[in-house]
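Reader: I'd like to learn how to read the empty spaces and helices in a model like this one. Can you walk me through it?

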Amino acid sequence: MFRTEKVNEHTIIVHTGKHLDNSNAHEMTASLSEAQDAGFKHIIIDMSELEFLSSAGVGSILGVLGRSRDNGGDIVLCHVRDRILHILDVLDLCDFLTIKQDEQQARAFCLARD
Amino acid sequence: MHVDTNKCYKILVPVDLDEGAVEGFFGELEIVLEDQPEEVLIDCSHLDHATSGHIDLLWEAQTKCDESGSAMRLVSVRYGLERVLRVLDLYDLFTIVHDHVEVGAEADETGQGGVSLELEFKASMPDINDALSRFHDFLVRLGVPGTVAFDLEIVFYEVATNIRRHSGLTETDVIAFSATPEQEKISLRFADSGEPFDPTSATIDFDPRKAIKSKQTNGIGLTMIQRLVDSMTYRRVGNSLNVVTLTKHLRQGGKRGVQD
């Protein structure tokens, strides 16, 4: 499972490793679902270590995004490297997903929506 | 330890080199060598990443086999181990059997001033990842700009995993791959003997809004592939072979690529 870090009662941070692909996408889905089950409206995904993102990895985030948004929260990506941004851009996801430059901005975004 | 009918012994190299595992390995080797076999196969399939401890273990095993007059051969050598052996100039000191688990790599002159890469790998995730590492190193050697190389690696991964998912291949079936630079472009070719599957016939209708509503995230991989390359063709050859060929411009980064 991915390392998580509670920010406050509404927000939690999930840290990715170097890869988010077929080998661990199901674990990401499980981590995000677990956070939602625990009542966290906002989930920040820290991608500072992420070097490789496959379609399965993208799917693991999109698959649970609706639930967060339906509950008035969001899934916020931060520290996204240019190459990963490029992949998200190719899929027309840069405007669809909430992407912040760093963790501080991501936290501020979540706090403002609480 | 596995013994086949020809009295050929195969011993698995442990990943974790705690005292018990190392003792167990050499204990097995000792028992095998008492039988004075012609050859002993050392199975390295679990060594995705080799440490100096693994190299020491292999070297000691090699010495023991030499002393007993048995030939030691390394089988199922992963790319990570092969790379370490080459870096340490030890590659030629071991006899490596390139069996079916092994991903074969060649760089040949194409006659057009470039080199090509040819790989054959099993349709299992460890072998796909192994082949991806080889492809990555090939692109680095070729001097392909970083962003374009990253796109190509994503394309490789998505095509290979798509084949694995849709062609009904078993984990032991082989996917043949070649990458051939041609002037300003690179051509990637995948061939497999699975069920017919034409990725170009799939209608791409990936819409993130629909995807999160339906929780259906199918089609992301094909969308990535089609948008990251300049062309993709599919042929069914002799009713037995799927051949997918993709090309990508090396400078412009494909239809949706970015400049470095």
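Author: Sure. Val159(B), Asn162(B), Ile163(B), Ser167(B), Asp192(B), Phe197(B), Pro199(B), Ile225(B), Met232(B), Tyr234(B), Asn242(B) and Val244(B) form the lining of the largest cavity. Keep in mind that this is a predicted model.

Reader: How does one find a cavity in the first place?

Author: Rolling a probe the size of a water molecule over the atoms shows where empty space is left. Here, the structure has one cavity of 30 Å³ or more, and the volume of the largest cavity comes to about 70 Å³.

Reader: Which helix or strand gives the most to that lining?

Author: That's H5(B), with three residues. Helix H5 (146–166), strand S10 (231–237) and strand S11 (241–249) of chain B each provide at least two. By residue type, the lining splits into eight nonpolar, three polar and one charged.

Reader: Now helices. What should I keep in mind when I look at one?

Author: An α-helix has 3.6 residues a turn, so residues three or four places apart point the same way. Now take helix H2 of chain A, residues 55–70: its 16 residues reach 23 Å from first C-alpha to last, close to the 22 Å expected. At Val64(A), H2(A) bends by about 30°.

Reader: Why is H2(A) largely enclosed by the rest of the structure?

Author: Because 12 of its 16 residues are buried. Among them are Gly57(A), Ile61(A), Leu62(A) and Leu65(A).

Reader: And what happens at the ends of H2(A)?

Author: Ser54(A) caps the N-terminal end, with a side-chain oxygen 3.2 Å from the backbone nitrogen of Ala56(A). Following H2(A) comes Gly72(A), which has a positive phi near 80°.

Note on methods. Residues are numbered from 1 along each chain as its sequence is written. Chains are lettered from A and ligands numbered from 1 in the order in which they are written. Side-chain values use heavy atoms; hydrogens and water are left out. On a 1 Å grid over the protein atoms alone, a cavity is a set of points where a 1.4 Å probe fits but cannot get out, and a pocket is an open set with protein on both sides within 12 Å along at least five of seven lines; lining residues have an atom within 4 Å of a point. Grid points are joined across faces, edges and corners, and a volume is the space filled by probe spheres set on the points. Helices (H or I, at least four residues) and strands (E, at least two) are DSSP runs, numbered from the N terminus. Ala, Val, Leu, Ile, Met, Phe, Trp, Tyr, Cys and Pro count as nonpolar, Asp, Glu, Lys and Arg as charged, and the others, Gly among them, as polar. The expected span of a helix is 1.5 Å times one less than its number of residues. The bend at a residue is the angle between axes fitted to the seven residues ending there and the seven starting there. Buried means under 20% relative accessible area, exposed over 50%, partly exposed in between (1.4 Å probe, protein chains only). A polar contact is a pair of N or O atoms within 3.5 Å; within protein, one must be able to donate a hydrogen and the other to accept it, and residues adjacent in sequence count only if both atoms are side-chain atoms.
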